[in-house]
Amino acid sequence: MANTITIEGEVRDQFGKGAARRMRVAKEIPATIYAGGNDPIFVKLPMRETTLALRRTNALFTIKYGKDSKMAVVKDVQRNPVKRIVEHIDFYEVKAGEKIEVDVPVFAVGTPKGAAVAFVDIQQLRVRASVDALPERIDVNVDGLQDGEKVFAKDLELPKGVEFVNTDADESVVSVEIPEDATATTAVSAEDATATAAGAEGEEGAAAEGDTDAAASDDAAADADKK
């Protein structure tokens with residue numbers, strides 16, 4: 001079984017905004033564990049430890065409260081819209097070996113060729129996997145890909161036991177393109193180079209005409225002296 005994050009909590013019997021405020025002052029987070037058709041379990045968890053654990057995507061938790069414990073995954077996290085502190089967490093209980101559906105974030109790794117940049121077309125993919133091996137992320141290798149190339153869902157190699165849910169195999173997951181601003185910059189640079197070259201040619205031409213006019217003036221002056 002994959003490693004789980006164990007958190008020591010306590011059963012709570014106080015509810016409402018006032019109770020939640022007092023828990024936050026005490027550096028605790030109110031949480032609810034939904035256990036299938038059974039009554040939910042209300043607990044309070046240590047704020048710092050739990051907040052750090054939430055950084056892991058699709059983490060598997062063992063939540064202890066008194067003499068009991070539950071294995072669970074995060075269902076929902078409520079945060080303060082301004083301070084961004086965690087105000088409440090909903091968990092749901094799972095069993096060892098059980099398969100569940102989760103959303104997994106997609107990341108492009110590697111460096112495309114030239115000025116091309118990788119764009120993630122699908123930010124999250126829905127997969128089904130055992131709770132013992134829930135993927136935290138899906139990395140898509142774009143190293144060496146060129147402008148116009150794409151990586152489709154069917155091209156991805158998922159970990160053993162993990163399968164897509166409601167994902168079109170021909171759907172583009174990552175696209176490699178040269179950004180429009182980069183193309184515009186290249187075009188402007190080319191225009192500048194052309195304008196500079198044209199300006200140089202114009203200056204050279206003007207200089208050459210000036211030399212010709214000067215030579216003609218000298219010849220005229222010489223003829224006048226002879227007369």
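# A guided tour of the barrel, the sheet and the pocket

Start by selecting helix α1, residues 17-25: this helix lies across β2, β3 and β6 (86-93), and its direction makes an angle of about 120° with β2. Keep in mind as you look around that this is a predicted model.

**Stop 1: the barrel**

Now colour the strands β1 to β6. Six strands close into a barrel, and going round it you meet them in the order β1-β3-β2-β6-β5-β4, with mixed pairing. Neighbouring strands here are turned by 45° against each other on average, direction ignored. If you are new to sheets, remember that strands pair through backbone hydrogen bonds, either parallel or antiparallel.

**Stop 2: β2 and β3**

Select residues 28-34 for β2 and residues 41-46 for β3. These two strands run antiparallel and are joined by six bridges. Zoom in on I29, and you will find L45 of β3 standing opposite.

Stay with L45 for a moment. Is L45 buried or exposed? L45 is buried, with a relative accessible area of 1%. Show its surroundings: leaving aside residues up to four places away in sequence, L45 touches I7, G9, K27, E28, I29, A31, T50, I63 and F91. You can also draw a distance from L45 to M23: the two are 22 residues apart in sequence, and their C-alpha atoms are 9.3 Å apart in space.

**Stop 3: β4 and T62**

Next, select residues 60-65, which form strand β4, and pick out T62 within it. T62 has a relative accessible area of 16%, so it counts as buried, the cut-off being under 20%. Which residues does T62 touch, not counting those up to four places away in sequence? They are T4, I5, T6, I7, S69, K70 and M71.

**Stop 4: two hairpins**

Follow the chain from β4 into β5. The two strands run antiparallel, with six bridges joining them. At one of these places, Y65 stands opposite D68 in β5. Two residues lie between the strands of this hairpin, where G66 takes a positive phi near 65°.

Carry on from β5 into β6. This pair is also antiparallel, over seven bridges, and A72 has E93 in β6 as its bridge partner. The hairpin of β5 and β6 has six residues between the strands, and here R84 takes a positive phi near 65°.

**Stop 5: the open sheet**

Leave the barrel and select β7, β9, β10 and β12. They make an open sheet of four strands in the order β10-β7-β9-β12, with mixed pairing. Its edge strands are β10 (138-141) and β12 (163-164), each of which pairs on one side only. Look between β7 and β10: these strands run parallel and are joined by four bridges. To find one partnership there, select V109 and then N141, its bridge partner in β10.

**Stop 6: the largest pocket**

Finish by switching on a surface. The largest pocket has a volume of about 480 Å³. Its lining is made of 19 residues, and T57, N58, V74, K75 and V77 are the ones nearest its centre. Which strand gives the most to this lining? β5 does, with six residues. Each of β5 (68-79), β7 (99-109) and β9 (124-130) supplies at least two lining residues. Colour the lining by residue type, and you will see nine nonpolar, three polar and seven charged residues.

How values were computed. Residues are numbered from 1 along each chain as its sequence is written. This is a predicted model: local features need pLDDT of at least 70, side-chain atom pairs count only at pLDDT 80 or more; totals for chains, interfaces and linings use all residues. Side-chain values use heavy atoms; hydrogens and water are left out. On a 1 Å grid over the protein atoms alone, a cavity is a set of points where a 1.4 Å probe fits but cannot get out, and a pocket is an open set with protein on both sides within 12 Å along at least five of seven lines; lining residues have an atom within 4 Å of a point. Grid points are joined across faces, edges and corners, and a volume is the space filled by probe spheres set on the points. Ala, Val, Leu, Ile, Met, Phe, Trp, Tyr, Cys and Pro count as nonpolar, Asp, Glu, Lys and Arg as charged, and the others, Gly among them, as polar. Two strands pair if DSSP finds at least two bridges between them. Axes are lines fitted to C-alpha atoms, for helices over the stretch in contact, and angles run from 0 to 180 degrees between N-to-C directions. Contact means heavy atoms within 4.5 Å. Buried means under 20% relative accessible area, exposed over 50%, partly exposed in between (1.4 Å probe, protein chains only).
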